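Student: I should like to take a close look at one part of this protein and to see how it fits into the rest. May I put a request about it once the structure is displayed?

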Amino acid sequence: QGLRNHGNTCFMNAVVQCLSNTAPLAELLALGRYRARGARAEVTHRLAALVRALWTLDYTPQLSAEFKSIVSQHSSQFRGNAQHDALEFLLWLLDHLHEDLGSPTPVPQPHSDEQVGGPRGVCADSGRAVAAPLPCRSSLTCPHCRKQSNTFDPFLCVSLPIPPRQTRPLNVTLVFQCKRQRFVRVGLAVPLLSTVAKLREMVAQEGRIPPEQVVLAELSPTGFRRSFADHEELGAIGDGDCVYAFQPPLPTSHGGALRLAGTAGAATGHGPGHRSAPRLPPAALSSECLHRGAGGRVLLLLCNTAGAGPQAARFGPPLVMREDRGVSWEQLQQSILAKMQYLMRREVQLQGAGALFRVRVAGSSVGCSYLSPQDARPLCHPAVDRALQLGGPGGPPHVMLTVEWDSSTKERLFGSIQEEVVQDAESVLLQQQAHQQQHSCTLDECFQLYTKEEQVQAAGH
């Protein structure tokens with residue numbers, strides 16, 4: 001039942017409603033199960049009458065007006081019709097209830113107890129219900145001698161910490177293998193304090209492939225930026241970073257369409273998105289994916305750019321292929337063109353075209369990181385060796401290559417194709433909405449965090 005506002009008394013009404021809906025206190029007041037210490041105890045009596053009226057549906061505005069009048073008589077700060085802070089009034093009211101209902105015997109003073117499991121400083125005499133500050137026990141244990149000291153301090157209110165959110169949303173674009181690569185962007189709730197190994201595990205579960213086959217890399221509008229090793233902190237990946245997860249080619253082609261469970265589909269790069277989402281083949285763990293340099297083959301991640309350097313503009317989807325390190329430049333170029341054929345204009349003729357692009361090892365610190373068309377075995381370049389050696393643990397060893405086209409050749413072969421179009425899975429929106437909502441927690445979780453054991457450093461250490 002509501003309370004009448006007697007002129008800016010909303011702060012007072014809110015506190016009365018809170019106390020009235022605190023069951024033990026409401027029973028104490030409404031059923032008269034209290035004994036006032038003083039002869040008057042006017043504040044407590046008026047509050048009890050008001051709470052009793054609320055629960056028996058006998059409330060009249062006169063009752064709340066009389067309660068306001070008694071409060072004004074005992075506290076000058078609440079006289080008149082000014083606005084006040086509800087918490088300030090609550091603390092005043094509880095303190096006054098303590099004065100009215102407190103035990104005639106002195107309240108035990110804070111004390112220390114050196115014995116484990118000592119007395120808890122109960123602030124009540126037997127047979128009577130009283131309102132008194134609660135005893136708070138603080139324990140300190142020496143990490144060396146294990147001696148424990150317990151201190152009891154009374155408190156009327158306690159400020160509880162709110163447990164922070166433990167996850168954040170991160171979008172990852174999954175790249176799957178088939179005749180035409182399929183892309184789908186998924187939303188993940190990644191832990192705030194974890195490593196890339198956890199992200200790799202989550203991506204593998206989402207794509208239903210072994211974690212050993214997941215290659216994680218970041219792309220920018222100008223090409224590859226970096227790949228990720230398991231030991232790196234997840235905090236190093238920004239919310240807006242463009243993270244891709246690649247599935248290396250399997251030893252044998254299974255053909256057919258791939259579909260990711262629970263997604264809405266994906267697009268291939270230069271046209272409308274396919275409505276059927278990619279379905280993954282049964283996980284087949286290849287020894288090629290696990291052993292460095294097995295069979296003399298190397299795993300290549302490629303992206304295409306129009307132009308070079310800071311002016312480069314990435315176009316089309318990133319590519320994944322496995323190639324023998326002994327191939328010639330012409331064979332490497334033919335393999336790259338074969339992967340990109342579905343993106344080319346149909347009327348294009350490539351016979352005898354010569355070197356159509358330049359290939360650079362992305363992220364290489366070697367002075368010359370461009371593969372040479374005159375080299376008999378361009379994939380044996382020192383920059384390729386260094387990229388394989390510097391790869392951190394987690395995922396198969398790989399080399400990131402940027403294929404640089406001049407603008408006229410790109411236009412002639414691919415037209416106005418831009419960066420690939422990737423369709424979002426439903427999880428992207430769901431994770432964004434979930435993390436935009438107000439973070440919620442239970443009161444019990446707040447108390448658990450408040451009472452959590454912590455390590456304190458001694459002075460001078």
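Student: Which strands does helix α11 lie across, and at about what angle does α11 run to β5? Please describe the sheet concerned in detail, and then place it within the chain.

Tutor: The model is a predicted one. Helix α11, residues 426-436, lies across β4 and β5, and its direction runs at about 25° to that of β5.

The sheet itself may be taken next. It is an open sheet of five strands, with mixed pairing and the order β5-β4-β8-β6-β7. Strands β5 (182-191) and β7 stand at its edges; each has a single partner strand, so one side of each is left without a neighbour in the sheet. On average, and with direction ignored, neighbouring strands of this sheet are turned by 35° against each other.

At one edge, β5 pairs with β4 (residues 167-176) in the antiparallel sense, over 10 bridges. Within this pair, leucine 170 stands opposite leucine 188 of β5. At the other edge, β6 (residues 215-220) and β7 (residues 223-227) are also antiparallel, joined over four bridges. These two strands form a hairpin with two residues between them, and serine 220 has glycine 223 of β7 as its bridge partner. As a general point, side chains in a regular strand alternate between the two faces of the sheet.

A further helix, α6, lies across β4, β5, β6 and β8 (242-246), and runs at about 130° to β5. Two of its residues show what α6 touches. Arginine 200 is placed in α6, which spans residues 196-207. With a relative accessible area of 4%, arginine 200 is buried, because the limit for that class is 20%. Not counting residues up to four places away in sequence, arginine 200 touches Pro211, Val214, Val215, Leu216, Phe228, Ala229, Asp230, Pro393, Gly394 and Gly395. Methionine 202 also has its place in α6, and at 16% relative accessibility methionine 202 counts as buried. Its contacts, with residues up to four places away in sequence again left out, are Leu188, Ala189, Val190 and Pro191. The C-alpha atoms of methionine 202 and leucine 188 are separated by 7.8 Å, although the two residues are 14 apart along the chain. Leucine 188 therefore appears twice in this account: opposite leucine 170 in the strand pairing, and in contact with methionine 202 of the helix, where the contact limit is a heavy-atom distance within 4.5 Å.

The strand β8 also leads to the cysteines, since cysteine 242 falls at the start of the range 242-246 given for β8. Cysteine 242 is partly exposed, with a relative accessible area of 26%. A search of the whole structure finds zero disulfides. Cysteine 446 is in no disulfide, and the nearest cysteine sulfur, that of cysteine 441, is 3.7 Å away. Cysteine 446 is buried, at a relative accessible area of 8%.

A second open sheet offers a useful parallel. Its five strands follow the order β10-β9-β13-β11-β12, and the pairing is mixed. Here β10 and β12 are the edge strands, each with a single partner strand, so one side of each is left without a neighbour in the sheet. Strands β9 and β13 run parallel and are joined by seven bridges; alanine 306 has tryptophan 405 of β13 as its bridge partner. Helix α8 packs on this sheet, touching β9, β10, β11, β12 and β13, and its direction makes about 125° with that of β10. Helix α10 packs on the sheet as well, touching β9, β10 and β13, at about 90° to the direction of β13. In α8, residues 329-340, the span from first to last C-alpha is 17 Å, close to the 16 Å expected. Its buried residues are Trp329, Leu332, Gln333, Ser335, Ile336, Leu337 and Met340, and α10 (407-414) is included in what covers them.

Finally, the chain as a whole provides the setting. The protein chain has 12 helices and 13 strands. Of its 461 residues, 41% count as buried. Among contacts between residues at least 6 apart in sequence, 66% join residues at least 24 apart. The accessible surface comes to about 24,700 Å², of which 51% belongs to carbon and sulfur atoms.

Methods: Residues are numbered from 1 along each chain as its sequence is written. This is a predicted model: local features need pLDDT of at least 70, side-chain atom pairs count only at pLDDT 80 or more; totals for chains, interfaces and linings use all residues. Side-chain values use heavy atoms; hydrogens and water are left out. Two strands pair if DSSP finds at least two bridges between them. The expected span of a helix is 1.5 Å times one less than its number of residues. Buried means under 20% relative accessible area, exposed over 50%, partly exposed in between (1.4 Å probe, protein chains only). Axes are lines fitted to C-alpha atoms, for helices over the stretch in contact, and angles run from 0 to 180 degrees between N-to-C directions. A disulfide is a pair of cysteine sulfur atoms within 2.5 Å. Accessible areas come from the Shrake-Rupley method with a 1.4 Å probe; for residues, only the protein chains shown count as cover.
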